[in-house]
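Subject: Structure handover

Dear colleague,

I am passing the structure on to you with this message, and I would be glad if you could look through it alongside the notes below.

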Amino acid sequence: MSDHVLGVAMNGVTGRMGYRQHLTRSVLAIRDSGGVELPDGSRVIPEPVLVGRSERKLRAIADRHGIERWTTDLDSVLSDDNVPLYFDAQITHAREDAVRSAIAAGKHIYVEKPTAGTLDAALELAKLAEQAGVRNGVVQDKLFLPGLLKLRRLLDSGFFGKVLSIRGEFGYWVFEGDWQPAQRPSWNYRAEDGGGIVLDMFPHWHYVLEHLFGPVRTVTAKTATHVPRRWDEQNESYEATADDAAYGIFEVGEGIIAQINSSWSVRVNRDELVEFQVDGTHGSAVAGLRSCRIQHRATTPKAVWDPDAVDPVRYREDWKDVPDNGEFPNGFRAQWEDYLRHVVLGTPFHHDLLSGARGIQMAEAGLLSARTGRTVELGEVSTT
């Protein structure tokens, strides 16, 4: 048995998500723990090669973490046979060309979402990867988080009976940037730079709905730019041209109705920044990123509407926590480990570029619905 040391070109690690979740908490954590163990006892050990535009930032990260290789020349890495994997966490509009070049170089592909700016471009990338015979994957991290893993457990157990509906609430107040710094980059609010909450979040909601409940069949959406003026990283004011809130209704699977609100202009009155309530004939659950609470039909109180009396029921107290019953690693790391196994062994990996393209299809349908005021049906997409 011999270990598999895989060079991983990591493009975009100077950004917050690329650095914190993908580099330090995933790839470096996997490497420093000895790699991902395979059934034969060997291990897959990722060795990062940092790629980006800022020599100063790359050098600082490499020095901080003891990483030997970094470069501002993507082509030099793509031509290196010792680096078989390419990962991309760049800004959306820079990703498509880089991924296309990596596929042409025969690299296995793992990318953040959205995979491209349009459905046509995303499908082209999926087709190119298929034709090149390279392994490919898209980050779909929320499925690997404790709250949704517990929700998956409930679904697999038949807890809900027939699932009737899903209600999702996501968002928080992103400061405008004038009197307090914004916690998101300014390009998120410029449509010309690929910004907008629909393009950012609808791909997330698509894989959550698809993998847990079934295919998304229709989309009805309303978007808004609630905060029209913001201040960028140089404290210069600019016009927000992208949507900062979206209110969607989705038909899922066999008659399930999902309603999901997404907003960067809302203040949080929830236990977590995102929560999904799932209601079924036999029980209900509220799942966040980490927690999951349930109420079975046998313990459901009989609510009575009486506007003239104080309601004595403390409804939230009638819900029970779903126990962990195990350890949950970082969700990004867990998917990285699955992807590395997929690269070496060819094990099933459902989160591929075609799955990512379906997420963009739902985002485009949401924007079309918002423009036209009609419900948009989602047809089947493929690489053929």
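The notes below take up the sheet, the helix packing, the pocket and cavity, and a few backbone features.

Please keep in mind throughout that this is a predicted model.

To begin with the sheet, nine strands form an open arrangement in the order 17-16-15-14-8-13-12-9-18, and their pairing is mixed. Strand 17 (320-321) and strand 18 (376-377) stand at the edges, where each has a single partner strand, so one side of each is left without a neighbour in the sheet. At the strand 18 edge, the connection to strand 9 (residues 216-224) consists of two bridges, and these two strands run antiparallel; Val219 is the residue that stands opposite Val376 of strand 18. The same part of the sheet is covered by a helix, since helix 9 (residues 353-372) lies across strand 9, strand 12 (245-252) and strand 18, and its direction makes an angle of about 55° with strand 9.

Turning to helix packing, helix 1 (residues 16-32) and helix 2 (residues 55-65) pack at an angle of about 35°, with 13 Å between their axes, and the crossing of helix 1 past helix 2 is right-handed. On the helix 1 side the contact is made by Tyr19, Leu23, Thr24, Leu28 and Arg31, while helix 2 contributes Ile61, Arg64 and His65. By class, the residues of this contact divide into four nonpolar, two polar and two charged.

The second largest pocket may be of interest to you, and its volume comes to about 230 Å³. Its lining consists of Arg167, Glu169, Arg270, Glu275, Phe276, Gln277, Val286, Arg293, Tyr315, Arg316 and Trp319. Six of these lining residues are charged, four are nonpolar and one is polar. Strand 8 (163-171) and strand 14 (274-280) each supply at least two residues of the lining, and the largest share, three residues, comes from strand 14. Both of these strands also belong to the open sheet described above, where 14 and 8 follow one another in the strand order.

As for enclosed space, the structure holds one cavity of 30 Å³ or more, and the largest cavity has a volume of about 50 Å³. The residues that line the largest cavity are Lys113, Val138, Val139, Gln140, Pro203, His206, Tyr207, Ser355, Gly356 and Gly359. The elements that give two or more residues to this lining are helix 7 (197-212) and helix 9, and helix 9 is also the helix that lies across strands 9, 12 and 18. By class, the lining of the largest cavity has five polar, four nonpolar and one charged residues.

Finally, there are some backbone features that you may wish to inspect. Lys113, which was named among the residues lining the largest cavity, is joined to Pro114 by a cis peptide bond, with omega near -5°; Pro114 itself is placed in the loop between strand 6 (108-111) and helix 5 (119-132). Asn235, although it is not a glycine, has a positive phi of about 65°, and this residue is found in the loop between strand 10 (229-231) and strand 11 (237-239). Asn325 likewise has a positive phi, of about 50°, without being a glycine, and Asn325 lies in the loop between strand 17 and helix 8 (331-345).

With kind regards

Note on methods
Residues numbered from 1 in each chain as written. Predicted model: local features only at pLDDT ≥ 70, side-chain atom pairs only at ≥ 80, totals over all residues. Heavy atoms only, no water. 1 Å grid on protein atoms, 1.4 Å probe; cavity = no way out; pocket = protein on both sides within 12 Å on 5 of 7 lines; lining within 4 Å. Points joined across faces, edges and corners; volume = space filled by probe spheres on them. Helix = DSSP H or I, 4+ residues; strand = E, 2+ residues; numbered from the N terminus. Nonpolar A, V, L, I, M, F, W, Y, C, P; charged D, E, K, R; others polar. Pairing = 2+ DSSP bridges. Contact = heavy atoms within 4.5 Å. Axes fitted to C-alpha atoms, helices over the stretch in contact; angles between N-to-C directions. Left-handed = near helix turned anticlockwise from the far one by under 90°.
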